[in-house]
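Let's walk through this one chain by chain and see how the pieces sit against each other. Have the structure open as you read.

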Amino acid sequence: MPGSDCSSLKMKRLRPILSPMRGAVAIFSKDLNSELRTRYALNSLIMFVVVTLSIILFSTAGETVSPSLSAGILWIIVFFAAMSGLSRSFVSEEERGTTMTLQLWVEPSSVLVGKLLFNSLLIYVLNLMIIVAYMLTMPSFVVKSPLIFLITVVMGTFGLSAASTFIAAIISKANSKGTLYPVLSFPILLPLLMGVIDATRLSVEGATFGEAAGDFKILLSYCVVVTTVSVMLFDFVWRD
Amino acid sequence: MKKSWMKIAIGVWIAAVLVVGISMPIGHIPGLGAKARIIYFHVPMSWLAVLAFFMSMWYGIMYLRRKDMKHDIKSASAAELGFAFSILATLTGSIWARFSWGSFWNWDPRETSIFVLLLIYGAYFSLRSAIEVEERRATLSAVYSIVAFVTVPFFVFIMPRLMTGLHPGEGSPAPILNANGKMYMEASMRYVFYASLLGFTFLYIWLFNLRSKVGILSYNNHSEIE
Amino acid sequence: MGSLYNFLNTHSLYIVLIIVLVIWLGIFIYLYRLDKKVNELYEQNESEKENMK
């Protein structure tokens, strides 16, 4: 039997069974399958968005919301939806006791990449719904520069899921998981949120591409930096 | 910092900075007057908050490399002092802002930055208190401080796009610092300012050594009992 | 409150003095907390010595 004595276990720990690429794809499809089967995350997230959006609509009823304020409100919904949706991505592995199995089978970096891919997909789908619902219900939120808005959403969502996936991995090893998650994520995500809100405001105000280019540079470098750092540091969090 | 004369020198040095900083006449500074003297005391506090933030990350990296608990204790000590100094920078700044800008808090870019720094320190300590296993606590808090340190510089780029600065040197009248970050202080004022920075930095190093020694002692005591 | 505000506005050097006072208080509170920690350590060590005897 392989794995019955200590030395072969160590061998496996050093060289996981799946190659990095296949490992990442395997993790991604595992999470996608379990989500498609239960629809646990997506269903509760849709309810969350409906509740939040209706509270905002009740409180702004009859008021004229300025474009910059409506840009901010949109990203508040997105931020808290991501916070409640992604907090369980690593906690669930700890609770089910599947962390060890994953450590044996795949490279740490491919666990992160797989989880990141799934989480981004989840948040992209969610954001699409949020934005459609928001545009339909918020009369003052009219995007005048669709290209700027599209790039903002694509990059902002990726940066959001990159940072929150990594923080979710840290959280899964701590005791008070639920409350700690937004506390740890907020300072890390704040520069991203500020950039995204500014770019969204520009797109609502109908700015030219050149005006938003500065924000895009910041968003792009944020995504690159956060992804690189999380891939580099994930080993320490995962194999602890 | 082993020799006691250095500590006495720090005490005398800071006392001298206090006396000179308050009593030495400064040239007429439009719009600020005597309030300009805050630069001797408030700026060192924010500088120490940033320095401690850097040192916390530095010892975090050292811990991840060497896995020595001493580095983790040093990282936590630096963060604790940094938290204390950022509170001091915030308090002194907002007392001053009440009289110069009209209200205690104005969301000026630097106020926002120090607010974020406070948030990060708060998050760092709540993470530490949520983990009981020592090695795990050390690893995760080191990782968090590195991630936080990497994202903070983005504020430097994003902030000016969102708001205009109120700090002296950022608005249109630039009495002390101009837009290029060049000093427009009188030479005598500049010397006192640098002397104050130096004195408070050494005070910080002393406090840091003291705090980490206490931390290491209590760690040793704790592991002896077990 | 209004008269104090006016006083400080005209004698702005006192604002700087308040700031220095705040810094001193901050350092003092930090030292006080550190002292508490050292005392705890000392007590621990003493009680351990008692147990050794």
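Start where chain A meets chain B: in this predicted model, 32 residues of chain A are in contact with 30 residues of chain B. Put those two chains together and about 2,800 Å² gets buried between them, with 78% of that on carbon and sulfur atoms. If you want to know who does the heavy lifting on chain A, look at P187(A), M194(A) and F236(A), which supply 19% of the area that chain A buries against chain B, more than any other three residues. Three helices of chain A, namely α8 (146–171), α9 (177–205) and α10 (209–238), each bring at least two residues to the side that touches chain B. Sort that side by class and you get 22 nonpolar, five polar and five charged residues.

What about charge pairing between A and B? The rule finds zero salt bridges across that interface, and the count of residue pairs in polar contact is two, both at pLDDT 80 or more.

Now move over to the other side of chain B. Here 30 residues of chain B are in contact with 24 residues of chain C, and the two chains bury about 2,500 Å² between them, 80% of it on carbon and sulfur atoms. On chain B, the trio to click on is I22(B), F99(B) and N221(B): together they supply 23% of the area that chain B buries against chain C, more than any other three residues. Again there are zero salt bridges by the rule, while three residue pairs are in polar contact, both partners at pLDDT 80 or more. The helices giving two or more residues to this side of chain B are α1 (4–23), α3 and α7, and α7(B) has the largest share with eleven residues. By class, this side of chain B has 21 nonpolar, three polar and six charged residues.

And A with C? Those two chains do not touch, and their nearest C-alpha atoms are 25 Å apart. Of the two pairs of chains in contact, A and B share the most contacts.

One more stop: the second largest pocket, with a volume of about 1,000 Å³. Its lining counts 37 residues, and A76(B), E80(B), R211(B), R33(C) and K37(C) lie nearest its centre. Chain B contributes α3 (69–100), α4 (109–129), α5 (134–151) and α7 (187–225), and chain C contributes α2 (13–52), each with at least two lining residues. The most comes from α3(B), with 13 residues. The lining divides into 20 nonpolar, seven polar and ten charged residues.

Note on methods. Residues are numbered from 1 along each chain as its sequence is written. Chains are lettered from A and ligands numbered from 1 in the order in which they are written. This is a predicted model: local features need pLDDT of at least 70, side-chain atom pairs count only at pLDDT 80 or more; totals for chains, interfaces and linings use all residues. Side-chain values use heavy atoms; hydrogens and water are left out. Contact means heavy atoms within 4.5 Å. Buried area is the accessible area (1.4 Å probe) that two parts lose on being put together, summed over both. A salt bridge is a side-chain nitrogen of Lys or Arg within 4 Å of a carboxyl oxygen of Asp or Glu. A polar contact is a pair of N or O atoms within 3.5 Å; within protein, one must be able to donate a hydrogen and the other to accept it, and residues adjacent in sequence count only if both atoms are side-chain atoms. Helices (H or I, at least four residues) and strands (E, at least two) are DSSP runs, numbered from the N terminus. Ala, Val, Leu, Ile, Met, Phe, Trp, Tyr, Cys and Pro count as nonpolar, Asp, Glu, Lys and Arg as charged, and the others, Gly among them, as polar. On a 1 Å grid over the protein atoms alone, a cavity is a set of points where a 1.4 Å probe fits but cannot get out, and a pocket is an open set with protein on both sides within 12 Å along at least five of seven lines; lining residues have an atom within 4 Å of a point. Grid points are joined across faces, edges and corners, and a volume is the space filled by probe spheres set on the points.
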